[in-house]
Amino acid sequence: MNHHVLIIGSIALDDIKTPWHEERGLLGGSAVYGSIAASMFAPVDIVGVVGEDFPAEHLEMLRAHGVDTSGVERRAGQTFRWGGEYRQNMNDRDTHFTELGVFAEFDPRIPEPWRDSGFVFLANIDPELQLRVLEQVRQPRLVLLDTMNLWINLKRDALIEVIKRVDAILINEDEALMLFQTHSLPEAADRLLELGVSRAIIKKGSHGAQMFSADSTFAVPALPLRKVNDPTGAGDTFAGGVIGYLAAGGTLDESSFRQAIMVGSACASFVVEDFSTRRLAALTPGQIQERCDRLHDAICCERVVMPERVPVPGKR
Ligand code: AMP
């Protein structure tokens, strides 16, 4: 079986502002966060494009994690740049700018051996690029899709086409509601399942994530962290953890998906502790295990058995 994870998405330089701190030109991008997280579990091949301004040390860091970067093109022009600012609650954020740079003209070419990847993560990027990747891969066991409000607004039709062709989708709660113009999350999940995905995984920021399939639903909390420094990349890291864990195990049943989203939540709990990929890049398997155990303790309880009602005094 091919346990390789193929990841395409943005490779970016980010300007991040929180109520307490601001940093510019940080390494970011959905494919970067996703690749580092997935590389904890399985071999990762990353596809994307960077401009002349992209520091070589960032690609070296990815390679040090065992990520194959030979599918990253360097082109004349600017790297994808994104600027975001978090509100006081550190959950809501405003995008200040999105400059596609070299991604505007990018035509992804998947190297021949990578077309047989068992696992494909279409990280957040233009859905038309995601479609072009799907046209080149041959029968992956799992295709996981992520997206974002910009693409829902700009390229809804292309996005719906991608959704129809993937196995599972990860999407923020607000974006799922926005995609289908509804206030009901279960209804939005139903609509995603009707489009053909077998699993819709809804991300809820600091409230964790909820997974819907045709016959089950499962929720994981986010680890309660005393201090969040930069939530950027939490969703991509979550996704990378999910697909990396599934690729390593190779089974795609309900139980594996439940464990995978616990792993995703544990991985995401680290990335928010520092800006950019700093905390993620220093992560060890033992640290992930420890947080998975804490999440497991947080959601486990004995099955409830209805007790006999205590009789009201004086009444029989
Ligand atoms: P997340 O916090 O998980 O939603 O991901 C944040 C990362 O996504 C940042 O590092 C950005 O560079 C990147 N990003 C922001 N907007 C987009 C977009 N429209 N398409 C692709 N990547 C984006």
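Which residues does Lys-204 touch, not counting residues up to four places away in sequence? The legends below take up that question and then look at the rest of this predicted model.

**View 1. Lys-204 and the residues it touches in the predicted model.** Lys-204 sits in the loop that runs between strand E11 (199-203) and strand E12 (209-213). Leaving aside residues up to four places away in sequence, Lys-204 touches Glu-173, Leu-185, Ala-209 and Gln-210. Is Lys-204 buried, exposed or partly exposed? Its relative accessibility is 22%, and buried means under 20%, so Lys-204 counts as partly exposed. For a distance to try in your viewer, take Lys-164: this residue is 40 residues from Lys-204 along the chain, and the two C-alpha atoms are separated by 23 Å.

**View 2. Helix H1, residues 30-38.** Here is a helix to look at residue by residue: nine of the nine residues of H1 are buried, so the helix is largely enclosed by the rest of the structure. Following the helix along, the buried residues are Ser-30, Ala-31, Val-32, Tyr-33, Gly-34, Ser-35, Ile-36, Ala-37 and Ala-38.

**View 3. The largest nonpolar core.** This core holds 55 residues. Those touching the most other members are Val-5, Ile-7, Ile-11, Leu-144, Phe-238, Ile-243 and Ile-261. Which helix gives the most to this core? Helix H9 (residues 254-271) does, with 10 residues. In soluble globular proteins, nonpolar side chains tend to be buried together.

**View 4. A second, separate core.** Another 50 residues form a core of their own, and Leu-6, Leu-26, Ile-110 and Leu-185 are among them. Leu-185 may look familiar, as it is also one of the residues that Lys-204 touches in View 1.

**View 5. The protein as the setting for the close-ups, with 11 helices and 13 strands.** The radius of gyration is 20 Å, close to the 20 Å that the globule rule gives for 316 residues, so the protein is as compact as a globular protein of that length. Along the principal axes, the C-alpha trace spans about 85 × 45 × 40 Å. Buried residues account for 52% of the 316. Of the contacts between residues at least 6 apart in sequence, 65% join residues at least 24 apart.

**View 6. Surface and charges.** The accessible surface comes to about 14,600 Å², and carbon and sulfur atoms hold 49% of that surface. How far apart are the mean positions of the positive and negative charges? For the 32 positive and 44 negative charges, the mean positions are 5 Å apart.

Terms used:
Residues are numbered from 1 along each chain as its sequence is written. This is a predicted model: local features need pLDDT of at least 70, side-chain atom pairs count only at pLDDT 80 or more; totals for chains, interfaces and linings use all residues. Side-chain values use heavy atoms; hydrogens and water are left out. Helices (H or I, at least four residues) and strands (E, at least two) are DSSP runs, numbered from the N terminus. The radius of gyration is taken over C-alpha atoms; the globule rule is 2.2 Å times the number of residues to the power 0.38. Buried means under 20% relative accessible area, exposed over 50%, partly exposed in between (1.4 Å probe, protein chains only). Contact means heavy atoms within 4.5 Å. Accessible areas come from the Shrake-Rupley method with a 1.4 Å probe; for residues, only the protein chains shown count as cover. Lys and Arg count as positive and Asp and Glu as negative; His and the chain ends are not counted. The place of a charge is taken as NZ of Lys, CZ of Arg, CG of Asp or CD of Glu. A nonpolar core is a set of buried Ala, Val, Leu, Ile, Met, Phe, Trp, Tyr and Cys residues joined through side-chain atoms within 4.5 Å.
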